[in-house]
Amino acid sequence: MSERGSTIVLGVVPGQPAEVLEQAAELALALDAQLICAAVDDSRYTIDRQVDGTISSLPIDPDLVEDEAGEFDAELYAQLASVLQDRGVRWSVRALAGGASAELAWLADVLGARMIVVGSREGGWRGSARELFNGSVAAQLAHQQHRPVMVIPRRTGDVQ
């Protein structure tokens, strides 16, 4: 049985396969949970955290012109809305900055989330290279915090 008002944190990235969003939405509905879609910008770092899970951040590269810090990417929001809007799931977004696993774990702690959901890594050499340098977000989450982590795999045909 689920508690009314429970939360699931979903790590989202631009171009994420729709099946990750669809499966996370089905899970949230089954658990009567709100789905919080969190995008982590690893080119920025957090300078202030609010109680509601919002942040203020700055670019890691000091030569970059300050842009809309903490703003959720409009294209990613449109992608999420196109998949989630008619599914009956309660959902919202959060923009985070820093390392993906640490930021998703922090947000889950702040919100008292039941679990964290992520998609499996990108296939092919790009995904392998990114994982080599950054590590697997799912593996880092599983080793660094106490709540369940669900990894939604890519369809076999999606591997590049």
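I47 lies in strand β3, which spans residues 44-49, and together with Y45 and I60 it makes a nonpolar surface patch of about 300 Å². The model is predicted, so please read everything below in that light. The protein has 160 residues, and 39% of them count as buried. Here is a tour, from the overall fold to the individual side chains.

**Overall layout**

- The protein contains 5 helices and 7 strands.
- Followed along the sequence, these elements come in the pattern β-α-β-β-β-α-β-α-β-α-α-β.
- If you take contacts between residues at least 6 apart in sequence, 73% of them join residues at least 24 apart.
- About 9,100 Å² of the protein is exposed, and carbon and sulfur atoms supply 52% of that area.

**Nonpolar cores**

- The largest nonpolar core has 26 residues, and the members touching the most other members are I8, L10, V12, L35, L80 and L84.
- Two or more residues of this core come from each of β1 (6-11), α1 (18-30), β2 (33-41), α2 (74-84), β5 (91-97) and β6 (115-119).
- Helix α1 gives the largest share, with 6 residues.
- Another core, of 16 residues, lies apart from this one, and V9, I55, A97 and W106 are among its members.
- L80 is worth a closer look: leaving aside neighbours within four places in sequence, L80 is in contact with V12, L21, C37, F72, Q85, W91 and V93.

**Salt bridges**

- Side chains of opposite charge can pair when their charged atoms come close.
- The whole structure holds 3 salt bridges.
- One of them joins E22 and R87, whose closest N and O atoms are 3.5 Å apart.
- This pair links distant parts of the chain, with E22 in helix α1 and R87 in the loop between α2 and β5, 65 residues apart.
- E22 is partly exposed at a relative accessible area of 24%, and R87 is partly exposed at 32%.
- D32 and R90 meet through their side chains in a salt bridge, at 3.6 Å from N to O.
- Because D32 sits in the loop between α1 and β2 and R90 in the loop between α2 and β5, the pair ties together parts that are 58 residues apart in sequence.
- R90 is partly exposed, with a relative accessible area of 33%.
- R147 and D109 form a salt bridge through their side chains, at 2.7 Å from N to O.
- Here R147 lies in the loop between α5 (137-144) and β7 (149-152), while D109 lies in helix α3 (residues 100-111), so that the pair links distant parts of the chain, 38 residues apart.
- R147 is buried, at a relative accessible area of 10%, whereas D109 counts as partly exposed at 43% relative accessibility.

**D32, a residue with a positive phi**

- Most residues other than glycine have a negative phi.
- D32 has a positive phi of about 50 degrees although it is not a glycine.
- This residue lies in the loop between α1 and β2.
- D32 counts as partly exposed, because its relative accessibility of 29% falls between the limits of 20% for buried and 50% for exposed.

**E103, a buried acidic side chain**

- E103 belongs to helix α3.
- With a relative accessible area of 5%, E103 is buried, because the cut-off for buried is under 20%.
- Not counting residues up to four places away in sequence, E103 touches V40, T46, R49, L96, A97 and G98.
- Among these contacts of E103 is A97, which is also a member of the 16-residue core.

**The aromatic pair**

- A search of the whole structure finds 1 aromatic pair.
- The partners are Y77 and W91, and the pair is tilted, with 5.3 Å from centre to centre and 35 degrees between the planes.
- Since Y77 lies in helix α2 and W91 in strand β5, the pair ties together parts that are 14 residues apart in sequence.
- Y77 counts as partly exposed, at 40% relative accessibility.
- W91 also appears among the contacts of L80.

Technical notes
Residues are numbered from 1 along each chain as its sequence is written. This is a predicted model: local features need pLDDT of at least 70, side-chain atom pairs count only at pLDDT 80 or more; totals for chains, interfaces and linings use all residues. Side-chain values use heavy atoms; hydrogens and water are left out. A nonpolar core is a set of buried Ala, Val, Leu, Ile, Met, Phe, Trp, Tyr and Cys residues joined through side-chain atoms within 4.5 Å. Buried means under 20% relative accessible area, exposed over 50%, partly exposed in between (1.4 Å probe, protein chains only). Helices (H or I, at least four residues) and strands (E, at least two) are DSSP runs, numbered from the N terminus. Contact means heavy atoms within 4.5 Å. A salt bridge is a side-chain nitrogen of Lys or Arg within 4 Å of a carboxyl oxygen of Asp or Glu. Rings of Phe, Tyr and Trp (its six-membered ring) pair if their centres lie within 6.5 Å; planes under 30 degrees apart count as stacked, over 60 as edge-to-face and the rest as tilted. Patches are made of residues with over 30% relative accessible area and no salt bridge: like charges are joined within 9 Å, nonpolar side chains (Val, Leu, Ile, Met, Phe, Trp, Tyr) within 5 Å. Accessible areas come from the Shrake-Rupley method with a 1.4 Å probe; for residues, only the protein chains shown count as cover.
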